[in-house]
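Subject: Handover of the two-chain model

Dear colleague,

Please find below the structure I promised to pass on, together with my notes on what was found in it. I would be glad if you read the notes with the coordinates open beside them.

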Amino acid sequence: MSNDEVSRRDTLSTGAALLAGVGAALAVSAIGREAEAQGAGDVSVLNTLLRAEYEAQQAYDLAIGYFGAPAMDDPARSLAPAASLVATHYRSQHADHGARLARLITSLQGTPIAQSTVIFNLPTAMNFTRTTKNFLRLACNAEKGAAIAYTNALKSLSNVTAAELAAAIGGVETQHFIVLYLLLKGVATPGPAATTMITEISPRSVVAIEGETTDLASVPDFTYTALSMS
Amino acid sequence: MTDMYKLSRRGLLGGFAATSTVTLAACGDDPVPSGPNPDITPLNALLSAEYEAIKAYEAGAGVLRMPPTGDPQAAQSAPLLVIAMNWQNHHRAHATQLAAAITAIGGTPVTEASVMFSVPTEFTPSVANVLKLACNKERNAAVIYNRTVKALKSTSSRFLAGTIEGDETQHFIVLYALLKGIVAADAAGLITNIGEVVPKPFVAQVGAEMNSLQSVADFMFSAS
């Protein structure tokens with residue numbers, strides 16, 4: 001499989017690579033102090049985040065492929081169906097993030113990187129073997145790295161719409177991260193509604209965007225119920 | 001009924017979300033050419049929200065310490081209390097950083113004593129209602145932080161709002177997924193790893209402390 005070919009990127013975890021990439025982009029943006037340079041810096045940072053979104057989609061594709069046919073000796077084989085549902089939902093949210101970033105880059109007179117130019121490779125130098133838990137670990141590490149990268153991008157993004165979007169997406173990566181983290185730490189397990197309400201595991205793909213009707217603000221509050229004392 | 005359940009106009013309006021929205025609406029989008037730093041007002045609105053959150057968790061803790069007789073979730077109240085107190089500490093850390101940022105740009109932080117919190121009128125004490133109250137507030141807080149990012153003028157203020165927002169979103173989704181039944185707590189895992197239920201108060205590091213997800217180690221891969 002071409003996506004599995006060894007590359008220099010393999011020597012870094014996905015999360016670390018993302019951080020390194022955004023760090024470089026931030027350094028570029030810091031050089032430019034004038035407005036035009038800031039605009040170019042914003043596009044550079046946003047394109048780095050867009051690349052990470054494309055990588056995330058490919059990583060989830062690989063995970064979903066594995067979860068569909070886990071190894072017979074995989075000790076967490078029974079988790080694979082639930083993991084597949086979660087991964088499929090998270091992947092769809094990363095696709096939405098990628099589309100939003102690409103549109104914003106275009107509106108800032110930049111050129112979004114093409115999805116076809118981004119290739120994700122599974123780690124080969126960190127004892128990564130294809131197991132359910134290793135794919136979940138990979139996803140958790142990458143989501144944490146992404147959340148940090150989006151947050152740190154706020155230090156340099158000069159365009160307020162770009163900052164709003166970075167915060168709105170970063171606040172979803174944190175949700176992906178903590179759910180995977182708690183599952184892997186053994187604090188949480190799939191609940192009774194895990195298969196029927198899986199999209200609620202991260203109910204919106206952005207936290208808050210002005211003018212949006214489908215962000216986290218549209219999730220209704222829970223209503224309070226009285227104890228029944230029968 | 002204790003003082004924590006008294007009604008107030010702010011409670012009817014929805015607590016800190018309403019407070020913050022009103023303040024932001026008055027803030028405007030254009031840079032102020034002179035006078036006070038324009039980030040002071042929105043940051044103070046966020047600080048007020050954090051103080052309200054601290055008080056909301058205190059109100060919730062009161063229920064968790066002594067659940068009503070017959071509450072079917074009374075057995076879960078002890079670990080939930082530990083988590084509530086951990087998250088209250090997160091909100092204290094947020095407030096500390098917000099107050100420092102406000103002071104650094106020449107503003108005067110609102111005081112905790114000046115901020116009131118009242119539970120919603122329809123709230124009745126139970127473990128489930130405490131979870132719902134916290135979940136509703138955390139979601140509102142996350143949305144308000146994101147909206148405030150757009151109102152803030154300086155990148156350092158936006159960064160601070162963003163690094164806190166990502167903590168509120170973690171609080172929210174843990175509560176939301178539990179309440180929806182998408183995840184369930186593992187009793188044994190919870191005992192040994194209760195401090196890992198949202199392990200840090202910030203997403204990216206603020207100040208010199210190891211207070212963010214940056215200090216959370218990556219999982220190592222293994223054969224199992």
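Which residue follows helix 3 of chain A, and what is its phi? The residue is Gln109(A), and its phi is positive, near 70°. Before going further I should say that this is a predicted model, and everything that follows should be read with that in mind.

To stay with that residue for a moment, Gln109(A) is not a glycine and nevertheless has a positive phi of about 70°. Gln109(A) sits in the loop between helix 3 and helix 4 of chain A, and it is exposed because there are just 9 other C-beta atoms within 10 Å, where a residue counts as exposed at 12 or fewer. A second residue of this kind is Val198(B), which is likewise not a glycine and has a positive phi of about 70°. Val198(B) belongs to the segment after helix 7 (187-193) of chain B, and it counts as buried because it has 22 C-beta neighbours inside 10 Å.

As for the overall make-up, chain A contains 5 helices and 1 strand, which from the N terminus on are arranged α-α-α-α-α-β. Chain B contains 7 helices and 1 strand, in the order α-α-α-α-α-α-β-α from the N terminus on. Of the 230 residues in chain A, 50% are buried, while for the 224 residues in chain B the figure is 49%. Contacts across long stretches of sequence account for much of what is seen within each chain: in chain A, 77% of the contacts with a separation of 6 or more are between residues 24 or more positions apart, and in chain B, 75% of the contacts between residues at least 6 apart in sequence join residues at least 24 apart.

Two helices of chain A were examined for their length. Helix 3 (residues 80-107) has 28 residues and spans 40 Å from its first C-alpha to its last, close to the 40 Å expected at 1.5 Å a residue. Helix 4 (residues 132-153) has 22 residues and spans 31 Å between its first and last C-alpha, close to the expected 32 Å. Helix 4 of chain A is largely enclosed by the rest of the structure, because 21 of its 22 residues are buried.

The loop between helix 3 and helix 4 of chain A also holds Phe120(A). With 22 C-beta neighbours inside 10 Å, Phe120(A) counts as buried, and its C-alpha lies 5.2 Å from that of Glu55(A), although the two are 65 residues apart in sequence.

Turning to the interior, the largest nonpolar core has 126 residues, of which Leu46(A), Leu49(A), Ala139(A), Ala166(A), Val207(A) and Leu98(B) touch the most other members. Helix 5 of chain A gives the most to this core, with 15 residues. For Ala139(A), once its neighbours within four places in sequence are left aside, the contacts are with Ala59(A), Ala63(A), Ala87(A) and Leu180(A).

What does each chain bring to the contact between them? Chain A contributes 62 residues and chain B 56 residues. On the side of chain A that touches chain B, helix 4, helix 5 (160-184) and strand 1 each supply at least two residues, and helix 5 gives the most, with 13 residues. The residues on that side of chain A divide into 34 nonpolar, 19 polar and 9 charged. The strands also take part, since strand 1 of chain A and strand 1 (residues 183-185) of chain B run antiparallel and are joined by 3 bridges. In one of these pairings, Pro190(A) has Val183(B) as its bridge partner.

Finally, Ala208(A) is worth a look, as a residue with partners in both chains. Ala208(A) lies in the segment after strand 1 (188-190) of chain A, and it is buried because 24 other C-beta atoms lie within 10 Å. Leaving aside neighbours within four places in sequence, Ala208(A) is in contact with Ala168(A), Asp215(A), Leu216(A) and Ala217(A), and across in chain B with Val143(B), Asn146(B) and Arg147(B). The C-alpha atoms of Ala208(A) and Gly171(A), which are 37 residues apart along the chain, are separated by 9.2 Å.

With kind regards

Terms used. Residues are numbered from 1 along each chain as its sequence is written. Chains are lettered from A and ligands numbered from 1 in the order in which they are written. This is a predicted model: local features need pLDDT of at least 70, side-chain atom pairs count only at pLDDT 80 or more; totals for chains, interfaces and linings use all residues. Helices (H or I, at least four residues) and strands (E, at least two) are DSSP runs, numbered from the N terminus. A residue is buried if 20 or more other C-beta atoms lie within 10 Å of its own, exposed if 12 or fewer, and partly exposed in between; C-beta atoms are placed from the backbone. Two residues are in contact if their C-beta atoms, placed from the backbone, lie within 7 Å. The expected span of a helix is 1.5 Å times one less than its number of residues. Ala, Val, Leu, Ile, Met, Phe, Trp, Tyr, Cys and Pro count as nonpolar, Asp, Glu, Lys and Arg as charged, and the others, Gly among them, as polar. Two strands pair if DSSP finds at least two bridges between them. A nonpolar core is a set of buried Ala, Val, Leu, Ile, Met, Phe, Trp, Tyr and Cys residues joined through C-beta atoms within 7 Å.
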